[in-house]
Amino acid sequence: MMHSEKYALLNEPQKEAVFHTEGPLLILAGAGAGKTRVLTHRIAYLIEEKNVPPYNILAITFTNKAADEMKERVQKLVEFGDSVWVATFHSTCVRILRRFIDRLGYDTDFTIYDADDQKTAVRHVVKELNLDPKMYRERAMVNYISDAKTEMLSPKDKLEEAGSDYRARTEAQIFDAYEKMLKKNNALDFDDLLLKTVQLFEENEQVLSYWQDRFRYILVDEYQDTNEAQFKLVWLLARKHQNLCVVGDDDQSIYRFRGADIRNILEFEKHFPGTKVVKLEQNYRSTTHILDAANAVIRHNRGRKEKHLWSDLGEGIPVHFRFYDNAYQEAEEVVRTVVKGVRGGAHYKDYAVLFRTNAQSRLFEERCLLQNVPYQIVGSVNFYQRQEIKDLIAYLKTVAGGRDDISTRRIINVPRRGIGDTTLDKVASYASLKGLSLMEALRYIDDIAGIERAKTKLSAFYHLIGKLREQAGLLPDGRPSGEEVEFDELIRAIIDETDYYSTLEDFEDEKKEQKKENIEELISKAKDFQENYDGDHEATLSDFLEEIALVADVDAMSDDDDKLLLMTLHSSKGLEFPTVFLAGCEDGLFPSYQSISSGDYMDVEEERRLCYVGMTRAKKELFISGARMRTVNGETRYNDISRFVLEIPGNMLDNGALLKSGRTDRTGYDSDDRGYKGFSFKDRSVSDSYGGSFGSSENGAYGGGYKSPSGSSYTAKKPFTPPKPATFGRTFEVKKADGLEYGVGDRVQHMKFGCGTVLEIVDGKKDFEVAVNFDEYGEKRMFASFAKLKKIDS
DNA sequence: CTCCTTTGTCTTTTT
DNA sequence: GACAAAGGAG
């Protein structure tokens, strides 16, 4: 009544979902159907209309970003919205475990191991067991362990499962030793966070009951991506009150490879009898041309819930499709299309280029640099996984005084202190003999045999950490001294005391600067965290370490940056853009070769869902493209048009009639890998038909200017070299470069292209235009403000 | 113990 | 083609 206004803007099914508050509810929300809106309104409705204390509501998401967004929107929508528990699965678990994990025999100050630490742990274990690291690769073993954990199988289970199979038994033994190692280090990996919480609930009726009553109303976002452990967690929590609302779209489940089980959403009604199902099928994002094409693709999956996604945003622009002769050309045309759009009044941030693999970003990146297009690569290298950041965090962890040996090992010889593996192994074996951590063992350095030569070095390190602990407001053994510390100052102290910057000397100046910038970023993050901490106590070092352990990416894009976005399809989930480029649509790349040849049709189906996710990111315009020839992992490959593109009826594409030839010419990939790397001449007719730039005939007007090397290009086996961009008409009218630190004839350095000689500087209206002949990349023209050229001595 | 060369490896990856 | 890790020489 008094709140009805708030809910009046919802459509009928959305209202249904918001108002159905009691009992299990499954919301099948198609792409762009407003699911976040439903979730936030539902929370508001529970609080305002049903008088549910915000304290009793739990909303779980997968990403921090989604959690932050939801938090913000709930706060805007309803009073006391900020006391609703909105968090990711993992941070929810951490918060629960910090209070109760002692019941499972762990200390509540456990550390969290990321993928890197896991690898290190596996490496140590394999070595410890005297196994051949080539036979038991760390990457494979990490996957094995993670898979086992997601299925909630213990080392014992795996050993039984192995039977008499030697290899399987050994793997189970590695798993077992890995578990013991983590336990010894009081560490949990990401999978453990979920697993241990489930275990805690299963073994402690009272603890479970406490949380069940605490979270009387539970909402789960992206439910299609839950794995077994996450399902179990939700099931345990919701079992008592049954007020569980999950939102998801089976067509957007793209994390099967990480253990997500699509059956969780498909069989939700089985797990929760009496479930009400609401379908949200009106799409508020895309025009029908885009939606129809996406529907045409996803229709080819079996075992999905039938949906009729529709939109009243009008037909819009037909989906574009181009198949280029090579990947360079594809990148060039994509960037050129963006440039044209921006000239026509659009912003760079209106565009996103999506691709299957991170490696593909490089071509677009180079092209952007070349054409002075500001760009941002989203989520390729996680900030907190960068070497220098991990080093400093390892120092922080060691200083903070956990028993995390992996961190100690990481930094004990960084910078070089002359402490090598042999020494370390001796300390480690002494430590394990006495049940101590590495740091603790160093206290008894005189008792350790056979390390005479390194003894002074080790004790110097020990005292260094002791000194840092003092500065961190800790006593030498790690207990708090009551003294307050500024995090940023502590990190600076670590850098100074250890002379950390000396480790950066090996890197090129450009890289060195980058690393220093990253470190500054970390310092300001730390400061920021401490100043804005909203817990019920002063922020401790452990609080900070925990925060960053669970954060994936700090350099999340902000809306006010006007940049072209480059990202993988996976990172694009949940986002939307006026114009989307779906690049690299080639059989063997997307869908990937592995998924095609695995023999499991579910693998290709997952990629198809990925395709669907990508296509439905577009609001107004969708460009699909691919390239016949591209180098992957150093070898040249010739690919056909992606099967996903062929699944779109020709009349839905702007030049779809051409697809027909593609369809008939396609060689059978499903049976084997024949013809995958090889090139079949049958295909040539297809390729020749597809050249040309996106929606433009004035090829060559900007930058590039080469035409498809039609036909003849396939006879040559020589590797393709990117064509030199045509230069703008030369004027030879050399202007004096006031405002620039370099002039014609000077040697300069560019972040991407290395060293070169300045050929020409043209004073444009807004910027200097510089032509440089690079030693390795040849002649390039660029705007001075973007190029950031540095003068070097020649 | 460290530095340099060689070898092998490569999807996606919210935490 | 790029990067990390292992192996060998100083």
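This is a tour of chain A, stop by stop, with what to select at each one.

**The whole chain**

Start with everything shown, and keep in mind that this is a predicted model. Colour chain A by secondary structure: there are 32 helices and 20 strands. Then colour by burial; of the 794 residues in chain A, 53% are buried. If you turn on the surface, the accessible area of chain A is about 36600 Å², and carbon and sulfur atoms account for 48% of that. Contacts can be drawn too. Among those in chain A between residues at least 6 apart in sequence, 74% join residues at least 24 apart.

**The six-stranded sheet**

Select β3, β2, β6, β7, β1 and β8, in that order. These 6 strands form an open sheet with parallel pairing, and the order just given is their order in the sheet. Which strands stand at the edges? They are β3 (85-88) and β8 (276-280); each has a single partner strand, so one side of each is left without a neighbour in the sheet. Look along the sheet to see the twist, which averages 15° from one strand to the next.

Now keep β2 and β3 alone. β2 covers residues 57-61 and runs parallel to β3, with 4 bridges joining the two. To find one of the pairs, select Leu58 and look in β3 for its bridge partner, Trp85.

Bring back β6 (217-220) and add helix α5, residues 89-100. Helix α5 lies across β2, β3 and β6, and runs at about 110° to β3.

**Strand β14 and its partners**

Go next to residues 618-632, which make up β14. Is this strand mostly covered or mostly open? It is mostly covered, as 12 of its 15 residues are buried.

Add its partners in turn:

- Strand β9, residues 320-326, pairs with β14 in the parallel sense over 6 bridges. Select His320 to see it opposite Phe623 in β14.
- Strand β13 runs parallel to β14, and 5 bridges join them. Here Thr579 stands opposite Glu621 in β14.
- Strand β15, residues 635-638, pairs with β14 in the antiparallel sense over 4 bridges. One pair to pick out is Arg630 with its bridge partner in β15, Arg637.

Stay on the turn that links β14 and β15. The hairpin has 2 residues between the strands, and Asn633 takes a positive phi near 50° there.

**The cysteines**

Show the cysteine side chains. How many disulfides are there? The count comes to 0 disulfides. Select Cys245 to see one case: the closest cysteine sulfur, in Cys93, is 19 Å from its own sulfur, too far for a bond. Cys245 is buried, with a relative accessible area of 0%. Cys611 is in no disulfide either, and the nearest cysteine sulfur, that of Cys585, is 5.8 Å away. Cys611 is also buried, with a relative accessible area of 4%.

**Two cis peptide bonds**

Zoom to Val414 and Pro415. The peptide bond between them is cis, with omega near -5°. Pro415 is in the loop between α19 (405-411) and α20 (421-434).

Move on to Phe590 and Pro591, where the peptide bond is cis with omega near 5°. To place Pro591, show β13 (577-582) and α27 (593-597); the loop between them holds this proline.

**Two loop residues with positive phi**

The tour ends with two residues in loops. Select Asn130, whose phi is near 55°, a positive value in a residue other than glycine. Show α6 (115-128) and α7 (138-150) as well, since Asn130 is in the loop between them. Is Asn130 buried or exposed? Asn130 is exposed, with a relative accessible area of 70%.

Then select Asp499, which has a positive phi of about 55° although it is not a glycine. Asp499 is in the loop between α23 (487-498) and α24 (509-531). With a relative accessible area of 45%, Asp499 is partly exposed.

Technical notes: Residues are numbered from 1 along each chain as its sequence is written. Chains are lettered from A and ligands numbered from 1 in the order in which they are written. This is a predicted model: local features need pLDDT of at least 70, side-chain atom pairs count only at pLDDT 80 or more; totals for chains, interfaces and linings use all residues. Side-chain values use heavy atoms; hydrogens and water are left out. Two strands pair if DSSP finds at least two bridges between them. Axes are lines fitted to C-alpha atoms, for helices over the stretch in contact, and angles run from 0 to 180 degrees between N-to-C directions. Contact means heavy atoms within 4.5 Å. Buried means under 20% relative accessible area, exposed over 50%, partly exposed in between (1.4 Å probe, protein chains only). Accessible areas come from the Shrake-Rupley method with a 1.4 Å probe; for residues, only the protein chains shown count as cover. A disulfide is a pair of cysteine sulfur atoms within 2.5 Å.
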